[in-house]
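Student: Please take me closely through one helix of this chain, together with the loop that leads into it and the elements it packs against. I would like to follow the argument residue by residue.

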Amino acid sequence: MIEFINVTKHYPGRRHVLREINLRLPKGGMALLTGPSGAGKSTLLKLLTRLEDVSHGTLMVGGVDLATLKRRHIPAYRRRVGVVFQDHKLLMDRDVYSNVALTLQVAGVPPRQIESRVRAALEKVGLGDRLRELPATLSGGEQQRVGIARAIVHTPEILLADEPTGNLDPALSDEILDLFRDFHRHGTTVLVATHDARQIARLGLPALHLEQGRLHAPKEFS
Ligand SMILES: Nc1ncnc2c1ncn2[C@@H]1O[C@H](COP(=O)(O)OP(=O)(O)OP(=O)(O)O)[C@@H](O)[C@H]1O
C-alpha cells in the first residue's frame with residue numbers, strides 16, 4: 001500500500017510543487033500518473049524513492065513512514081521499490097548482463113545467486129538471448145527493457161516508472177506498458193507517470209491526474 005496523507009512538497013525558494021496530496025494505492029494496484037509538464041509527476045515519484053523528502057504530511061509505503069526512515073535503511077527500502085526512467089540511464093560500455101548484474105553486486109548479493117537472477121530478469125523482459133550485447137547495439141525499446149530488467153531484478157513490491165515510453169514509437173510504447181501490466185498481474189504495485197494520451201485511453205487504467213500540484217484521483221484512491 002502507498003499512502004499519501006496531506007503531503008505537501010516545496011523546493012527551497014519555490015512555491016509548493018505538490019499541495020495536500022491524499023492518495024491510497026492498494027498493494028498490487030496499478031495506476032497511471034498523468035498531468036501536464038511541470039505538474040509535479042517526477043517530484044511525486046522522487047518522494048516515493050526518498051530521493052526527495054516530504055515537506056509536510058505523511059507518506060507511508062508498505063508500512064514504512066518515509067519521514068522517519070533512517071539513512072542507513074534507505075538502500076534496503078530502495079530494493080523494495082524498482083524505478084524505470086525515460087532515458088534508461090544504462091552504462092553504455094557494459095553489456096546487457098553487466099548492467100543488470102551491477103545493481104545486485106552493489107547490494108552485496110552473493111555471486112552464486114547473481115547469474116540466475118539476472119538471467120531470470122532478462123527472460124521476463126524478452127532479452128534472455130541478448131546478454132552479451134552492448135546497449136548501443138539494441139533498439140530504444142530493447143534498451144528500455146534492460147532498464148526494466150534492472151528495476152525488477154530485486155523483485156520489488158512496487159514498480160515506479162517516469163515517462164518510460166517518452167522516446168518510443170507507438171508500437172514499442174504499447175509493448176513496454178503491456179509489460180508493466182504483466183508485472184501488475186503478477187502482484188506488483190505499479191505507478192507509471194505518462195502524458196501519453198493515447199496510452200491513457202488504450203490501457204483503460206485509473207488515472208491519477210496532477211494539475212498545478214493538486215491531485216485529482218478516482219474516489220477509490222482517495
Ligand atoms: N530540484 C528542484 N529544485 C527546484 N525546483 C524543482 C526541482 N525539481 C523540480 N522542480 C520544479 O518543480 C515543478 C514540478 O517538476 P516535476 O519535474 O516534478 O514535474 P513533471 O510533472 O514531472 O514534469 P515533466 O512532465 O516535464 O517531467 C517544476 O516547476 C520544476 O521546475
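Tutor: Helices and strands are taken here as DSSP runs, a helix needing at least four residues and a strand at least two, and both are numbered from the N terminus. The model is a predicted one, and in these terms the protein chain comes to 7 helices and 10 strands. With a radius of gyration of 17 Å, close to the 17 Å that the globule rule gives for 222 residues, the chain is as compact as a globular protein of that length. Of those 222 residues, 36% count as buried, and among contacts with a separation of 6 or more, 69% are made by residues 24 or more positions apart.

The helix to look at is H6, and the approach to it is the loop between strand E7 (158–162) and helix H6 (170–185), where Glu163 is placed. Glu163 has a phi near 50°, a positive value in a residue other than glycine, and with 19 C-beta neighbours inside 10 Å it counts as partly exposed. Leu168 is found in that loop between E7 and H6 as well, but with 20 C-beta neighbours inside 10 Å Leu168 counts as buried. Leaving out residues up to four places away in sequence, Leu168 touches Gly140, Gly141 and Gln144, and also Ser173 and Ile176. Ser173 and Ile176 are themselves among the buried residues of H6, while Gln144 is one of the buried residues of H5. Leu168 also lies 9.5 Å, C-alpha to C-alpha, from Gln86, although 82 residues separate the two in sequence.

H6 itself has 16 residues and reaches 22 Å from its first C-alpha to its last, close to the 22 Å expected at 1.5 Å a residue. Its buried residues are Ser173, Ile176, Leu177, Phe180 and Phe183, and seen down the helix axis they fall within an arc of 105°, so they line one face of H6. The general geometry helps in reading such a pattern: an α-helix has 3.6 residues a turn, so residues three or four places apart point the same way. On the face of H6 turned away from its buried side sit the exposed residues Ala171, Asp178 and Arg185. Just after the helix, Gly187 takes a positive phi of about 105°.

What, then, do the buried residues of H6 pack against? Their partners are helix H5 (140–152), strand E7, strand E8 (189–193) and helix H7 (197–203). Taking H5 as the first of these to examine, 10 of its 13 residues are buried, so H5 is largely enclosed by the rest of the structure. Its end C-alpha atoms are 19 Å apart, which agrees with the 18 Å that 13 residues should span at 1.5 Å a residue. The cover over the buried residues of H5 includes strand E6 (81–84), helix H3 (96–106), helix H4 (111–124), E7 and H6. H3 in turn has buried residues that pack against H4 and H5, among them Val96, Tyr97 and Leu104.

Another of the partners, E8, can be followed through Ala193, which lies in that strand and counts as buried, with 23 C-beta neighbours inside 10 Å. Setting aside neighbours within four places in sequence, Ala193 is in contact with Ala161, Asp162 and Glu163, and also with Leu33, Lys41, Ser42 and Leu45, and thus the Glu163 described above, in the loop between E7 and H6, is one of the residues that Ala193 contacts. The C-alpha atoms of Ala193 and Thr165, 28 residues apart along the chain, are separated by 9.7 Å.

Two of the residues that Ala193 contacts, Lys41 and Ser42, also belong to the surroundings of the ligand, which include Gly40, Thr43 and His195 besides. Helix H1 (residues 41–48) gives the most to that shell, with 3 residues, and the shell as a whole divides into 3 nonpolar, 7 polar and 2 charged residues. To return to the helix you asked about, H6 has one face lined by its buried residues, which pack against H5, E7, E8 and H7, and a face turned away from that buried side that carries Ala171, Asp178 and Arg185.

Definitions and conventions: Residues numbered from 1 in each chain as written. Predicted model: local features only at pLDDT ≥ 70, side-chain atom pairs only at ≥ 80, totals over all residues. Near = placed C-beta within 6 Å. Nonpolar A, V, L, I, M, F, W, Y, C, P; charged D, E, K, R; others polar. Rg over C-alpha atoms; globule rule 2.2 N^0.38 Å. Buried ≥ 20, exposed ≤ 12 C-beta atoms within 10 Å, placed from the backbone. Contact = placed C-beta atoms within 7 Å. Expected span 1.5 Å × (residues − 1). Arc of directions from axis to C-beta.
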